Amino acid sequence: MQENILQVRDLKVYFPIRKGIFARTCGYVKAVDGVSFDLRRGETLGVVGESGCGKSTTSRAILGLNRPCGGSILVDGEDIAHLSRDRELAYRRKVQVVFQDPNASLNPRHTIREILTEGIVYHNLATPDQAKSRAEELLAEVGMDGDILERYPHEFSGGQRQRICIARAIALRPQLLICDEAVSALDLTIRAQVLDLLSRLKKKLSLSMLFITHDLGVVQHIADRIIVMNKGKIVESGSCAEVLKHPREEYTKYLMASVPKIGKPLA
């Protein structure tokens, strides 16, 4: 059996509801309410659900951007809530993310070279001179030319910017890549190309991937297993083929009804 790289147990992320002149807490929004799952090493796990279901809040908790109010998150057996500073830096190298909006993810004042080399130099993985060569290699890995290093993000299309974001995400050679709606802002043709790129990088770099999306028509092309979330809870899980061909829950059937020709390739 494959070893688990990620273990999430009874995860809870609540946000307070405040009212009145003194902004007293009168309740909580239970964005994530008792979520548990495992991600096996070398596997892609799709997390599917509509906006507001808790899937992105779950990913932000794994990244340390949202503080859980209950449960645990273990990466390689380490509870990320109790990491020393040195171990936290190692964790940042181990887990990287590709967000939905590449335009908002890239500093418009930085060149592509600065964007790709900043993390490499900060984590002492290369000198500034060595980092430039590494940046050229990263661009080649995502299908882009190395001669764009001195250009700026606004000079590229949305699909090209997302490739640059992917190059930055793999720069530290992470073990776990979180893709949070990473292709939802792209048109169908570019979406298929980026999904193919992610699949190739997963195999080449031995990545484990948590792929978050609202679209079952996308997740079928990349995921090995699927969990379906609704109102902060997991309502269904299983292999990709099992969930898509024989959904048990009405909510999963509802999601499938909005996707034409499930099982047919995008391109």
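This passage goes through helix packing, salt bridges, a surface patch and a few individual residues in a predicted model.

Let's start with the helices. Two packed helices are described by the angle between their axes and the distance between the axes. Helix 6 spans residues 158–170 and helix 7 spans residues 188–205; their axes come within 11 Å and cross at roughly 15 degrees. Angles under 35 degrees count as roughly parallel, and helix 6 and helix 7 are therefore roughly parallel to each other. As for handedness, helix 6 passes helix 7 in a right-handed crossing.

Helix 6 also packs against helix 4, which covers residues 112–122. Here the angle is about 25 degrees and the axes sit 8 Å apart. That makes helix 4 roughly parallel to helix 6. The crossing of this pair, helix 4 with helix 6, is right-handed.

Next come the charged contacts. In total, 23 salt bridges turn up in the structure. One of them pairs Lys 12 with Asp 10, with an N to O distance of 2.8 Å. Lys 12 counts as partly exposed at 22% relative accessibility, and Asp 10 is likewise partly exposed, with a relative accessible area of 38%. 

Another salt bridge joins Asp 33 and Lys 233, and the closest N and O atoms of this pair are 3.2 Å apart. This one links distant parts of the chain: Asp 33 belongs to strand 2, Lys 233 belongs to strand 10 (residues 233–239), and their positions lie 200 residues apart in the numbering. Asp 33 has a relative accessible area of 15%, and since buried means under 20%, Asp 33 goes down as buried. Its partner Lys 233 is partly exposed, at 41% relative accessibility.

A further salt bridge brings the side chains of Glu 141 and Lys 204 together, at 3.4 Å from N to O. Glu 141 is in helix 5 (residues 128–141) and Lys 204 is in helix 7, so the contact ties together parts that are 63 residues apart in sequence. The two ends differ in their surroundings: Glu 141 is buried, with a relative accessible area of 12%, whereas Lys 204 is exposed at 57%. The pair doesn't stand alone, either. Salt bridges with shared partners connect Glu 141 and Lys 204 with Arg 134, Glu 137 and Arg 173 in one network.

On the nonpolar side, Phe 15, Ile 17 and Val 29 make a surface patch of about 220 Å². Val 29 sits in strand 2, which runs over residues 24–40. With a relative accessible area of 44%, Val 29 is partly exposed. Strand 2 is also home to Asp 33, the residue paired with Lys 233.

Then there's the backbone. Most residues other than glycine have a negative phi, and most peptide bonds are trans. Asn 124, which is not a glycine, has a positive phi, near 55 degrees. Asn 124 is placed in the loop between helix 4 and helix 5, and it counts as exposed at 70% relative accessibility. Lys 231 also has a positive phi, near 55 degrees, again in a residue other than glycine. Lys 231 is in the loop between strand 9 (225–230) and strand 10. At 68% relative accessibility, Lys 231 counts as exposed.

Two buried residues round off the picture, each with a C-alpha separation to go with it. Ala 182 is in the loop between strand 7 (176–180) and helix 7, and at 2% relative accessibility it counts as buried. The C-alpha atoms of Ala 182 and Tyr 122 are separated by 25 Å, with the two residues 60 apart along the chain. Ser 105 belongs to helix 3, a run of residues 102–105. Ser 105 is buried too, with a relative accessible area of 19%; the cut-off for buried is under 20%. Between the C-alpha atoms of Ser 105 and Thr 189 there are 22 Å, and along the chain these residues are 84 apart.

Methods:
Residues numbered from 1 in each chain as written. Predicted model: local features only at pLDDT ≥ 70, side-chain atom pairs only at ≥ 80, totals over all residues. Heavy atoms only, no water. Patch = residues over 30% accessible without salt bridge, like charges linked within 9 Å, V, L, I, M, F, W, Y side chains within 5 Å. Areas by Shrake-Rupley, 256 points an atom, 1.4 Å probe, with all protein chains shown as cover. Salt bridge = Lys/Arg side-chain N within 4 Å of Asp/Glu carboxyl O. Helix = DSSP H or I, 4+ residues; strand = E, 2+ residues; numbered from the N terminus. Buried < 20%, exposed > 50% of the residue type's maximum accessible area, 1.4 Å probe, protein only. Axes fitted to C-alpha atoms, helices over the stretch in contact; angles between N-to-C directions. Parallel < 35°, antiparallel > 145°, perpendicular 65-115°, else oblique. Left-handed = near helix turned anticlockwise from the far one by under 90°.
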